[in-house]
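These are my notebook entries on a single protein chain. I set down what I looked up, entry by entry.

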Amino acid sequence: MNLKNACPSCALVLLVLAAAVSCGKQEAPAPGDAPGRWDTDEPDLILVPASNPLWFEFGDTGALHIDGPLAASVPPYVPWPLSRHGAGLLSGEGELVLAVNRLGFFVFRPRPGQALALYALTDRDYWSGFSIAALFPFKERAAALLYRDDFFSAAPGGPLPDPRVLSLNREYPALEIPEIPAFASFPPQDGWDLEELELGSDHVWYFRAVQKNTEQGERNYYAVPDLSAAPGPSSLGAFRNAGLPLGLDTAPEPLAGALAGLAALSEENTFFVAKAISPLWPMPRYFTLNTPEENSSVVELSAFWDGNRAYAALPDGRGLSAGPSATENFSLPPLPESYVYTGFALLGTTLIALWEEQDGLLVGASGFMVMEDSRH
């Protein structure tokens, strides 16, 4: 399979619906409602993917169609927690949820006739003040955990996110504020910020809570098997171990085959870590492909496994796919220099990939690409 022969200039097979203005309610949410567009029973865009890619950037109000990454606006480079970028993908039955740092949720759902509906639940005034610590499932709904980044910020301090967790209503895309018992003992009003959330290989949730209104900045670690229960204390070591990637021998066979083949084609003295997304897993899983050597560079691969066939790609889009019977070439449309892919997933026969402009830990332009994969 090869998706590489793409022509951005002939890619626009796109119907734009002005649903945000003409169909959705425009009243302000009632007190206690989640910030952002809260009634989106009509999609913002209907996409008709084709063999050529549709390119979008993350704009102030949602997804903006562009001719290609170089046609995106030119935001200044900023550290990744402060930038607008695809912070997480969750692949579920019948939809794909994307959390965009500093912007909000995008929800992709199939429509009749190979079309794709895109719902944007964004509120720049609220989301732009906080970073996304994790995109995670809670009671079968996608939820985003927000926190205030004080490490990279030039002016640390300011309000903490309240609400700190926003989730989706699955009946139709709308924002809700869930009550999560695991977080209940750490209210923002008392200065608590939850900066990180991990699902360990032991199927236990681990998170870090920091009390930021005290001089010492108390920092504690917690673990809980179910976010609907009260947590218990955790050690720093257990918290760190929860975030460690797994060995390739723990990956499903097709995924392990695609990743191993991709590593074999790459340069020597490179340490590979793969981030794999699957509708069969509650969270992305990380795998190491080899053992790091002295002065080895680190490269993060992107992968997707649908339970039958696996796809894996380097940051530049070159990749492999593997199934029960064969391994074949797989590639995403080529990107300009300094641009990389950071994740992708398949929704039916539609491929959706995240891209961004990078300079070390800094991010510039960012967005996503959509195209039809007729050979999936």
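Before the first entry I fix one term: a contact means heavy atoms within 4.5 Å. I also note that the model is predicted.

**Entry 1: Ser234**

I began with the surroundings of Ser234. Leaving out residues up to four places away in sequence, I found that Ser234 touches Tyr206, Tyr221, Tyr222, Ala223 and Phe239. I then asked where Ser234 lies with respect to β17 and α3. Ser234 is placed in the loop between β17 (232-233) and α3 (236-242). Is Ser234 buried or exposed? Its relative accessible area is 18%, and because buried means under 20%, I recorded Ser234 as buried.

**Entry 2: the chain as a whole**

I next took totals for the chain. I listed four helices and 27 strands. The chain has 376 residues, and 53% of them count as buried. Its accessible surface comes to about 16,900 Å², with 51% belonging to carbon and sulfur atoms. For contacts between residues at least 6 apart in sequence, I noted that 55% join residues at least 24 apart.

**Entry 3: a seven-stranded sheet**

I traced an open sheet of seven strands with mixed pairing, in the order β18-β20-β19-β21-β22-β23-β24. Why do β18 (246-247) and β24 (327-331) each have one side without a neighbour in the sheet? Both stand at the edges with a single partner strand each, so one side of each is left without a neighbour there.

Within this sheet I examined the pairing of β19 (residues 270-277) with β20 (residues 285-288): the two run antiparallel and are joined by four bridges. I looked up Ala276 in particular, and its bridge partner in β20 is Arg285. Helix α4 (residues 253-264) packs on the sheet, where I found it touching β19, β20, β21 (297-305), β22 (310-313) and β23 (318-322). The direction of α4 makes about 150° with that of β23.

**Entry 4: nonpolar cores**

I then turned to the cores. The largest nonpolar core holds 42 residues, and those touching the most other members are Phe106, Phe108, Leu332, Trp355 and Phe368. Which strand gives the most to this core? Strand β25 (residues 339-347) does, with six residues.

I followed Phe106 further, setting aside its neighbours within four places in sequence. Its contacts include Phe58, Leu96, Val97, Leu98, Leu118, Tyr119 and Phe368; Gly62 and Thr122 are also among them.

My last record is a second, separate core of 22 residues, which includes Leu259, Phe272, Trp281 and Ala312.

Terms used. Residues numbered from 1 in each chain as written. Predicted model: local features only at pLDDT ≥ 70, side-chain atom pairs only at ≥ 80, totals over all residues. Heavy atoms only, no water. Buried < 20%, exposed > 50% of the residue type's maximum accessible area, 1.4 Å probe, protein only. Pairing = 2+ DSSP bridges. Axes fitted to C-alpha atoms, helices over the stretch in contact; angles between N-to-C directions. Areas by Shrake-Rupley, 256 points an atom, 1.4 Å probe, with all protein chains shown as cover. Core = buried A, V, L, I, M, F, W, Y, C linked by side-chain atoms within 4.5 Å.
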